Every structure is written in C-alpha cells, then in structure tokens.
Amino acid sequence: MYEDAWYSFVPEATGKHAASKGASHGHKRNESLLQQPNGVGKDQQVSQSVPRAVSTEEGNGPPEASVLRRAVSCADCRQAHNAGQLAATPKKQSTRRNRNWEALTLNTDANHTPKPYKADLQTNDTYNEQLLNASQQEYLLYRDQLSLTERHLDGLITDANATLELLSKLSNSFQSVEAQTSTFQAQCEEVLTEQTRLEKLADEVGTDYYYYSYLENATRRLNAPGAGRLVDDESFGDMVENIDACVAFMEDHETYRERDAYLARYNALLTKCLHLLDHGFTTRLEKASSDIARQLSATKSESTRHALVYGRFEEMLSDSYALLPNIHKVTRRVYDQYGRFDSGIRNSSIFSSSTLSMLRTYITTRDRDTKTLTLRDVEEYQREIKDLSLETASRNYIKQTLERVHNENSLFVKVFNIEPTWNTAQDSVFQSIKTVHTTMVHPGNLQPMAAQLQAVFATADIQSVCNVVGWIANEYGISENDEEEDAIAPKQYREYAARLLVDHLWPFVDNAFEAEISKSITKGTVTDDALKIGPVVDGVSSSNAYPLVQKAVELLRMFDHAMPKERSSQNSQVVFRVVRETIQVLQQASSRIQAQKLPTDAELFLVKNLLIIKNELLSLEIGDIRSRPAAMQHFGQMWETLSPQNLVGFVGTFLGGHLWSRSGGTVTAKTLTVEDMNEQLDELLRQSIYGLARRWAGRVRDASQGGGSAKKTLAQVEDELEKALQTAFSNQPEVVGKLKEAIAFYEEDAAARSGKR
C-alpha cells in the first residue's frame with residue numbers, strides 16, 4: 001500500500017542493535033539509546049523535503065495532466081514505522097511499540113522537559129496543511145481566475161442594466177417629443193406638397209410659355225435681311241423642327257389663349273422656312289448646272305463628260321455647310337428610306353408639297369444637264385445597229401443605259417437621302433418622279449430607254465427581238481452565286497431590268513407575237529401540195545409536218561426562249577393563241593382534204609400534226625426540245641393518258657361510238673379555252689386517233705372477210721397501212737406500234753360486238 005521510501009525517515013532502533021552485535025567495535029562505548037541522531041532530525045527532514053518536491057513541480061505553465069499520488073500523512077508514517085518494528089520482533093510487539101513511543105518522546109537534553117502529546121498533533125496538522133497546499137496549488141490558480149472572471153461578469157451585468165435603464169429613459173423622452181411635434185410634422189408635409197405642386201405648375205407654365213415665346217425669336221430670324229443664307233446653317237434644321245413642334249402644340253391645345261393667332265403665324269413661318277429651303281436648293285442647282293453646261297460644251301471626251309455630269313455635279317452640291325443635311329431633315333419628315341409616304345405625321349401636306357417641288361426641280365435640272373449624253377447614246381446605238389447587228393447594239397445600249405440609271409440613283413440618294421424604289425402608291429416618291437417627263441432615264445422613268453428599244457424592234461424580225469429580250473432575262477436574272485455583300489449594284493440592275501421587261505418589253509413582245517400569229521398562221525396560205533404527208537427529213541419528226549404547224553412550233557420555241565418558264569407555260573395568252581390558231585387551220589386543212597378527196601389520210605394528217613403540237617407543249621413545260629430534235633420523246637407519256645384502257649376502263653362495250661371520248665363533244669378552235677387548253681387538246685387527239693383506228697379497222701375487217709365491198713386483199717390493206725404510218729412517223733417505231741395497237745384493239749372490240757349481236 002505504501003512505498004518503502006516513506007519509511008526511511010523512521011529510526012530503525014532494532015536494526016541498529018542487531019548490527020552492533022555482529023560487529024566488533026573494540027572497547028568503544030555503546031551508543032546511548034536516548035541520544036538523537038546527528039544532524040537534523042527526521043521531522044525536520046520531512047518538513048524540508050516536502051517544499052523541495054513541490055518546488056520541482058512548479059513551473060511557468062500549467063502542469064501536465066497526470067494522476068497525482070496521494071500524500072501520506074504523519075500518522076501513516078508512524079504506523080508504517082511501527083509496523084516495521086513489529087515485523088522485526090513479532091513476539092514482543094506491544095512492549096516494543098510502547099518503548100518506541102517513549103523513545104520518541106525523550107529528549108537528548110537531560111534538563112529538557114518532554115513536550116506533551118498535543119504539540120505533536122499540532123505539528124502533524126501543519127504538515128497536513130503544507131502537503132494539501134502543495135498538491136492543490138494549480139487548482140487554487142484556477143479558482144483565482146474564476147473569481148476574477150466572476151467579478152468581471154458582475155461588472156458587465158451592472159453596466160448593461162445601467163445602459164438599459166438609460167435607453168428606456170431616452171425612449172420615453174422621444175415618445176414624448178414625437179407626441180408634442182406631430183402637428184408640426186403634418187404642417188411641414190403640407191408645405192412640401194404645396195411646394196411640389198407649385199414647382200410642377202411653374203414647369204408647365206414655363207414649357208407652355210416657351211411655345212409662345214419662340215414665335216418672336218423665329219420671326220425675327222426669318223424676317224431679317226439675308227435670311228436666305230440660313231439654309232446653309234446647321235441651326236436651320238433645328239428651327240424647322242422647333243416651329244413644327246410649336247404648330248403641333250397649338251393644334252393639341254385648342255383652349256389656350258390666342259391659340260388660333262399663334263397657330264396661323266407658326267404655319268406661316270413653317271411655310272416660309274420651306275420656301276427658303278426650296279429657293280436655296282434651286283439656286284444651288286442653277287449655279288451647278290450652268291457651270292457643268294459650260295464645261296461640257298468645252299470638252300469632247302466621253303470620260304470627261306461623265307466625270308462632269310456625275311462627279312463634279314455632286315461635288316458642287318455638297319460644297320455647302322449644311323444645305324443637304326437640312327434637305328434630308330425635311331424629306332425624311334414625310335418619306336422613309338425607300339420613298340414611302342407617311343401620312344400619320346403632322347403637317348405632312350406642307351412638307352410633302354415642299355419635297356415634291358424640290359424633287360421635280362432636281363429631275364428637270366438633271367435632264368437638262370444630261371441631254372448631251374443621252375443624245376450621244378442614242379446616236380451611238382443607231383450607228384452600232386448598222387455597223388454591228390441589232391442584238392449586239394441593243395445589248396451595249398442596255399448596259400450603258402442601266403449604268404446611267406444606277407449612277408442617277410446613287411446621286412439621288414445622296415441629295416435627298418431617299419431611294420426611289422418601285423412602288424404603286426400614288427403618293428410615293430417613285431410615282432411622283434415618274435410623272436416628270438424627261439428625255440433622260442432615271443430610277444423612276446425607264447420609258448426613254450424602252451421607247452428607243454421599241455422603235456428599233458418594230459422594224460426588226462421577231463427572232464432578234466426574242467434574242468434580246470431573252471438575253472436581258474438571263475443576264476440580269478437572280479443567280480445563286482450572287483453574294484449579298486458584293487451584289488449591291490447587280491441587285492439594282494436586276495430591279496431596273498425587271499421593270500424594263502415587265503412594264504415595257506414583255507407587253508411589246510406579246511403584241512409582236514400576236515401580229516406574227518395573225519400574219520403567219522391565221523392568214524397564212526398554203527397550196528394543196530402542202531396537204532400531203534411526205535417522208536421525214538434527217539430524222540426530224542416535225543420536218544414533214546404541215547407548214548403552218550412548223551411555223552407554230554417555231555413561234556412556241558421563240559416565245560419560250562424570250563420568256564421565263566413561269567410566264568410562257570402558265571396560261572400564256574400567246575401560247576394559247578398559237579395553239580388555237582393552229583388547231584383551226586388544221587381542222588380547215590382536214591376538211592379540205594376530205595372535200596377535195598385528196599390521197600392524204602385526213603385522220604392521220606390530224607394525228608401527225610396534233611402530236612407535234614402536243615409534244616412541243618410538253619417540251620416547253622419540261623425541257624428544251626431542241627436538244628433532242630430527232631425523236632418525239634414525250635409520246636409515251638402522252639399515250640398513257642390517251643390509252644382507251646386508262647380512260648374508259650374497257651368492258652367490252654361501246655357507248656354511242658365514243659370509245660375514247662371523255663365529254664362526247666367535238667373539240668374545235670372556237671371551244672378551246674386557255675384554262676383547259678391541254679385537256680381539250682388531248683380530247684381532240686382522242687377523237688382523231690379514234691377516227692383513224694375505226695376507219696382502218698373497218699378496212700382490215702372487210703378485207704379479211706372478203707365482203708363485196710372489199711376491193712383489196714388483207715395483205716394489200718396492211719401494206720398500205722404500214723406504208724402510211726412509216727411515211728408519217730419515220731424513225732418513230734413507238735408511235736407506229738401504238739397506233740397499230742389502237743387499230744387492232746378497235747378491230748377486236750368491233751368483232752366481239754358484232755358476234756354478240
């Protein structure tokens with residue numbers, strides 16, 4: 001239970017006696033049992049050892065956490081000492097214990113009186129207190145820190161309570177002040193509201209006053225000497241806008257004082273401003289025009305003339321401080337970028353009237369300046385027609401004229417900041433400048449160029465006219481390779497070319513074809529020799545056609561070459577007129593063959609020529625027939641619609657003899673309509689093939705039966721049929737085979753019908 005070290009300070013009397021017996025000391029005296037050991041006593045040693053142990057454990061910082069060994073009291077030490085003595089002499093334990101206690105109480109000094117037992121107890125209590133203090137020193141430090149913290153927290157609580165009490169007093173004071181000043185605050189708010197109202201009213205009065213006070217300033221400036229020079233000043237445009245705003249203000253406030261008088265005066269000032277602008281622009285135009293005309297008369301170079309008319313003219317107009325910007329402000333008040341009129345703005349009639357006046361003045365001046373160039377272009381065109389050809393001269397003239405139109409358009413945009421694009425509205429810029437009659441071409445008037453071309457085309461052959469018109473459509477048509485960033489000028493050229501074709505050349509070409517159709521087909525005359533079907537020449541299927549049919553095919557091809565597919569194939573009056581007149585002359589020729597009893601087969605004559613017309617119409621809608629002229633490539637497609645199996649669903653009976661007829665009526669040129677032209681042409685072909693098949697089937701049947709009316713044998717009839725078909729459709733075995741199929745089909749069906757009877 002206890003360590004041995006705690007027992008070292010108890011004197012071992014018994015041990016010493018044992019050692020003394022075993023040792024030889026001579027004649028020395030035995031050590032007295034009553035004498036205390038030399039040096040400091042055991043009690044003092046114990047008292048000195050405890051502080052050293054405590055001092056070794058003290059440090060600057062807190063000790064390491066460890067389980068401290070319990071301190072041993074003095075009573076425990078005595079018990080351990082007594083226990084050791086009892087272990088040495090177990091039999092005499094009680095006697096030795098009493099003697100040891102007596103020995104401890106003895107004093108070495110004989111004269112010293114022994115202390116009582118109570119003093120020993122006090123000494124033990126002192127040791128106990130020292131040991132307790134040594135073991136609890138670090139805990140006492142913690143206790144002192146906690147005491148200090150407690151006192152600090154108590155001070156904080158006291159300060160917080162004092163602060164809360166002060167705040168409570170302040171809150172009560174503020175509530176008292178607020179209750180006392182609520183009336184004053186309400187009065188202040190009323191004053192602020194009134195101040196805001198007065199400020200707003202003052203602003204409104206000041207704004208309204210501005211519209212009244214500006215009249216005097218504008219009147220003084222416009223009536224001052226030299227007011228015409230204001231159009232070259234940048235402030236002129238602002239003044240026009242301000243006067244226009246004043247007019248709008250007076251129109252919106254009808255109840256204002258002297259509103260009518262101010263409105264009339266402002267309108268007068270606005271009119272005067274626009275008049276000054278128009279006058280200044282006209283003066284600048286006249287000055288530039290006279291200078292350009294003088295220089296044009298002094299030069300003979302085409303490049304110099306072009307530079308003067310366009311470059312120099314633009315430079316002289318732009319040689320001002322703010323004339324053109326002021327014009328732009330006026331023109332864009334009523335027109336947008338593309339010349340469309342905006343009727344929703346105020347005073348649009350005043351601005352529009354002034355703008356149109358400047359536009360007409362400009363166009364008239366430009367016409368006078370460019371008249372020399374226009375005359376030279378016409379003279380050059382007439383000379384090239386004689387020296388080169390109509391087509392080459394027309395192409396050069398068109399290119400040169402379209403370039404001038406593009407230059408005029410660019411100059412027009414720079415002067416007025418408006419592009420005169422095509423527009424059908426009567427109040428647009430395009431229609432306004434279109435009505436100005438000039439000899440020059442400009443974006444709003446291509447009539448001079450069209451009139452010159454039409455005058456030349458009137459005496460030219462229709463093939464040359466179609467070549468030129470077709471070249472325009474192909475040259476200035478929309479191309480997939482055009483790039484938007486590089487195609488500004490070509491895009492405008494396409495617009496000019498399209499307007500030239502749609503408004504002028506295409507109607508002219510239609511009229512030319514109408515005249516050519518009447519001349520070549522309707523009034524065309526042929527001899528009876530032309531009613532014969534001759535052999536095919538050079539494998540061309542239309543070479544042995546009726547001459548008027550050949551002319552019709554030629555006209556269809558020329559019209560298709562001159563016009564885009566959309567115009568030539570969709571309900572075109574020219575195509576319809578060609579087909580109708582051709583059918584009419586074919587029916588007349590068939591009637592003449594039957595009336596004159598010519599050797600030509602009338603039905604075969606109609607079938608041959610109608611198939612050529614039908615094939616040509618299909619070529620115009622699908623592709624160009626000239627690439628494959630030796631074959632009737634569309635006959636198979638036509639036969640699918642002409643075949644009796646597909647039309648009537650053959651069931652072995654005939655309905656009134658009209659086996660292939662849809663309507664049962666006879667198609668003539670008078671019954672033909674443009675909407676159903678193709679269907680009616682198919683119907684006419686059915687009727688012709690039906691008549692051909694019926695007649696030849698009857699002849700074959702009569703020859704095979706050997707009736708009394710049969711004058712030829714079956715072989716002769718078949719040979720005659722083969723010869724007629726090969727002559728009409730040489731190198732076209734498909735057509736020959738289909739016609740033989742139709743004849744055989746009709747013959748078998750007629751035999752079946754007669755057998756049923």
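## Charges over rings

Let's start with a cation and a ring: Arg699 sits over the face of Trp696, 4.4 Å from the ring centre. This is a predicted model, and it offers a second arrangement of this kind, with Arg366 over the face of Phe313 at 4.5 Å from the ring centre.

## Aromatic pairs

The count of aromatic pairs comes to 17. One of them joins Tyr211 and Phe249: the ring centres lie 4.2 Å apart and the planes meet at 5°, so this pair is stacked. It links distant parts of the chain, for Tyr211 belongs to helix H6 (residues 137–223) and Phe249 to helix H7 (residues 235–252), with their positions 38 residues apart in the numbering. Are these two partners buried or exposed? Tyr211 has a relative accessible area of 19%, under the 20% cut-off, so it counts as buried. Phe249 has a relative accessible area of 7% and is buried as well.

A pair with another geometry is found at Trp471 and Tyr476, which are edge-to-face, with 6.0 Å from centre to centre and 80° between the planes. Trp471 and Tyr476 are both buried. Returning to Tyr211 and Phe249, ring pairs link these two with Tyr210, Tyr214 and Tyr256 into a cluster.

## Nonpolar cores

Which residues touch the most other members of the largest nonpolar core? They are Leu453, Ile472, Phe513, Tyr546, Leu617 and Phe729, in a core of 93 residues. Domain 2 (274–439) and domain 3 (509–645 + 672–754) each supply at least three residues to this core. Apart from it lies another core, of 58 residues, and among its members are Tyr211, Val334, Phe351 and Val436. Tyr211 is thus named both in this core and in the aromatic cluster described above.

Tyr546, from the largest core, gives a closer view of the surroundings of one residue. Leaving aside residues up to four places away in sequence, Tyr546 touches Val526, Ala530, Leu531, Val585, Leu586, Ala589, Phe605 and Asn609. As general background, nonpolar side chains tend to be buried together in soluble globular proteins.

## Cysteines

How many disulfides does the structure hold? The number is zero. For context, a disulfide is a covalent bond between the sulfur atoms of two cysteines. Two of the cysteines can be placed by their accessibility: Cys246 is buried, with a relative accessible area of 1%, and Cys466 is buried too, also with a relative accessible area of 1%.

Terms used
Residues numbered from 1 in each chain as written. Predicted model: local features only at pLDDT ≥ 70, side-chain atom pairs only at ≥ 80, totals over all residues. Heavy atoms only, no water. Disulfide = S-S within 2.5 Å. Buried < 20%, exposed > 50% of the residue type's maximum accessible area, 1.4 Å probe, protein only. Core = buried A, V, L, I, M, F, W, Y, C linked by side-chain atoms within 4.5 Å. Domains from an automatic or database assignment. Contact = heavy atoms within 4.5 Å. Phe/Tyr/Trp six-rings, centres within 6.5 Å; stacked < 30°, edge-to-face > 60°. Helix = DSSP H or I, 4+ residues; strand = E, 2+ residues; numbered from the N terminus. Lys NZ or Arg CZ within 6 Å of the ring centre and 35° of its normal.
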